[in-house]
Amino acid sequence: MEANTSQSPTLARSTDLTIRDQMQDALTGHGADFVEIRLEESDSSRIQYRAREIEEIGRTSGRGGSVRAAVKGGWGFVSFNDTDDLKSRVKLAVEQARAVGGEKTTLAETEPQVANVPPVLMNDPANVSLSDKKDRMDHYNDLIWSTPGIQSSTVIYGDNRRRVHYVNSEGAAVDQEFVHVICYISAVAREGGDVQQAGFSIGSLGDFSLIDGLDDEVRAVGKRAVDLLKAPGIEGGDRTVILDPVLAGVFAHEAFGHLSEADHVYESDQLKEIMVLGRKFGQPHLNIIDGGAIPSLRGSMEYDDEGTPTKRTDLIRDGVLVGRLHSRETAAKMGEAPSGNARAISFNHPPIVRMTNTIIEPGDASLEDLLEGVDDGVYVRNWYGGMTEMEMFTFSSGEAYRIRNGRIEEMVRPVKLSGNVFKTLHQIDGIGNDLGMNQGGGCGKAGQSPLPVSNGSPHIRIQNCLVSGA
Amino acid sequence: MADLLQNAKDAGFEQAEVYRITSQSQPIRFEANRLKEATRRDTSGAALRVIQDGRLGLSATTDPAAEGELPGRVKELTPFGAEASFELPGPGDYPQVQIYDEAIESLTFDAMVQTGQTLIDAVRKDWPDLNCSASVSRGVHRQSLVNTAGLNVSFPQTSYSVGFGGELVRGDDMLSVWEGFGASLMFTDTDWMIESLIQQLERARNTADTPTGQVPVIFTPRGVSAALLRPLLGGFNGKSVMTGSSPIGDRLGEKVIDERISIFDDPTIDGAIGSRPFDDEGIPSRRMALIDHGVASNFLYDLQTAGRMNATSTGAAGRGLSTLPGPGTSVLDVAPGDTPYEDLFLGIKEGILVERLLGAGQGNEMGGDFKANVSLGYKIENGKIVGRIKDTMISGNVYDALSKLEAVSDKAEWVYGSLRTPAIRCLGVEVAAAG
């Protein structure tokens, strides 16, 4: 996943009934094993500063739809901005599916849902004027520049309203609306060819107050960028590391989340064997969950993009693999229950298996407990991003500090960390009691990025974690 | 379709520009060795950019019915916008660039299926355990620009891409291999992709212990693309230069890396992905050296950053539909050196060959630093590749590594159709590995 550097879509209110009727009407006589239609309206605002000045302030609206059809196990998918002639789009998607299919369509049974879900709104950004939003961002940019030695800054505010109408040929009809708010703030300091950067990325589901009260954090970003110029590097190699809740959340997403997505596994007998339920991946204190039903986070929703109700899925319980994330197709093919994890970033893409809110559950240790006995280690905080490929993964810290004799000492240049799913989870030997959520990022997979997700964890300690030089 | 420019003029804007795109793409996707999905995406939209009272405003939509609202929205936004440091350009002298091929538009579904299935079947003949996926895609993209300075230009561009790969699982040891190419003109030779995939599989048959510390590193063309070019060229972007956050922003005309390296930005190469007769603001395309024999020669500017720097646009503007244009690279062309590829390995007692990286770019690259996991790389021992390295990270600074250059191969190869580069051997890269 990657920290927010961009984002956004809003909505014209349509008359729901008419839209739903039109969509259902377009499904009549489709001739496929399964068809679904998605129509979407979106509206987004964005304010962006570069250095002392505003760089961009913009508003974008979008409208479009897609049809996905299955015939004999083959899928056809068409997407479009012009939503007038839905019937012909259905026909085209079915033709495409027919040209592909040669086996059998297998989808897990679900009760067709009919629902109209309003957005989760704590504090609606739509109620705040653009000039008010800009004033607040002006203030934060000024704060960064109050630190002597700043060379440049980036401040981004974005909000996005997205309304999705969904129907399928089994009778499901689900309307959902989502409001997301994001904010990204960073500072740059430079000395000759040495350019250092510090920042943070936050987000919320429907809560504009996200951007309240960030003064201390923003000041700290400016100071950190300047201090980094004097911070020493560090040699790469295996080290004891302690991750703060934000970076540990990213770790959960990369280290295990992606490999628990069943679309990596369901068509490979070898992977099914390796990722077999009941296999031990960590010590008994390790518990990892994912779920769209966990409320009020950026990956929260009542129904996924196949209209399946979301839930909360145990992935690792007491160190043992006990569950995975599914679409209806992967669930059926693996003989497991759908988990409500089929998600599409927008109407332009078919739903695929994705994470929602991925969390390492807290244990008993305080940060002091975790630090105790660490004679030489690295305390890593905050994040730039993370990636997974098969069993290997990386996660990139935004801040790093030396640990000596159980104490967090001087700041060093941020390191990148690397792990292997079959080794690294076993090497977690301490789990804190201080769960924190990271809501500032988006996940990318199969060209769909950034998908709103959250992840969280308490502080965790990993022995012998591969750390890059810095 | 509304005459959006006329509406903007009627709304009284001093300067206005309408950017419009229509594109269609048709990818097919193979999963688990057989065809799985056929897709067709139709995308269209319009963006209105204006300069009013010296400030910039932009609003965009993909909803044809909402186009009429754009002038009103822009009027609301512009008083808050950035100060404009340029005027919209009139018509220019555009080069001829071949980026449209009727053969792509008329390509049949069956032909695309055959291309993908042939690749998968060919590699699985020798490697039956390989779980293959592939995608074959064709598309056509049309974009037009009209503005109040009299510009009225458009071009169509086709694209065709073929990519395929596979996953090999041996117990808890997994290997992912991939090859692909894209172009705006039709190509039919894909046999080399099979050879490349088999070569990757064979080289990775054995695993080897990673040599750690500062060892010689050979970056293949793909490795150059993954590790070095982004952190290097970030400093040439007009935005970094403008804000003083480029490490070489004040060193134009100075030697910044080894003199054996020259890098051009060239949107005029026929058939490349990223080629175009003019940039996304209507400035004519041209081949331009960014680094000429190690010397920083030109920065990438769009109209706005050029205006701020008292320079002229270099035709580097790129844009999405909903954002203001910004400077960026188009097609990168790194000049070949004089060492035959095989000779790059000569005299390496212990070193590594880097092909693909994981997590590159997620970190502070502004000063030229790179750090990544080597997702596909090999150990070199006594001048020979002896096996795949895993759980390995590299880190370094691109200005430092390319100053400690040892050799540049004598052939530049296309990487995915948008970049051409030789392989590069250098020192100054720290290699770390899990114990």
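Colleague: Which residue is the bridge partner of A:Asn357 in strand 24 of chain A?

Modeller: A:Ser454. This is a predicted model, where local features need pLDDT of at least 70, side-chain atom pairs count only at pLDDT 80 or more, and totals for chains, interfaces and linings use all residues. Residues are numbered from 1 along each chain as its sequence is written, and chains are lettered from A and ligands numbered from 1 in the order in which they are written.

Colleague: What makes strand 15 and strand 24 of chain A a pair?

Modeller: Pairing takes at least two bridges found by DSSP. Strand 15 (residues 357–360) and strand 24 (residues 454–457) of chain A have 3 bridges and run parallel, so they pair. Strands here are DSSP runs of E, at least two residues, and helices are runs of H or I, at least four, numbered from the N terminus.

Colleague: Why are strand 12 (320–321) and strand 21 (436–438) of chain A called edge strands?

Modeller: They belong to an open sheet of 6 strands with mixed pairing, ordered 12-11-10-15-24-21 in chain A. Each of these edge strands pairs on one side only.

Colleague: How do you know that strand 4 of chain A pairs with strand 2 of chain B?

Modeller: 5 bridges join strand 4 (residues 74–80) of chain A to strand 2 of chain B, so the pairing rule is met, and the two run parallel. A:Phe77 stands opposite B:Thr39 there.

Colleague: What counts as contact between the chains?

Modeller: C-beta atoms, placed from the backbone, must lie within 7 Å. By that rule, 60 residues of chain B are in contact with 69 residues of chain A. Strand 2 of chain B gives the most to chain B's side, with 11 residues.

Notes: Two residues are in contact if their C-beta atoms, placed from the backbone, lie within 7 Å.
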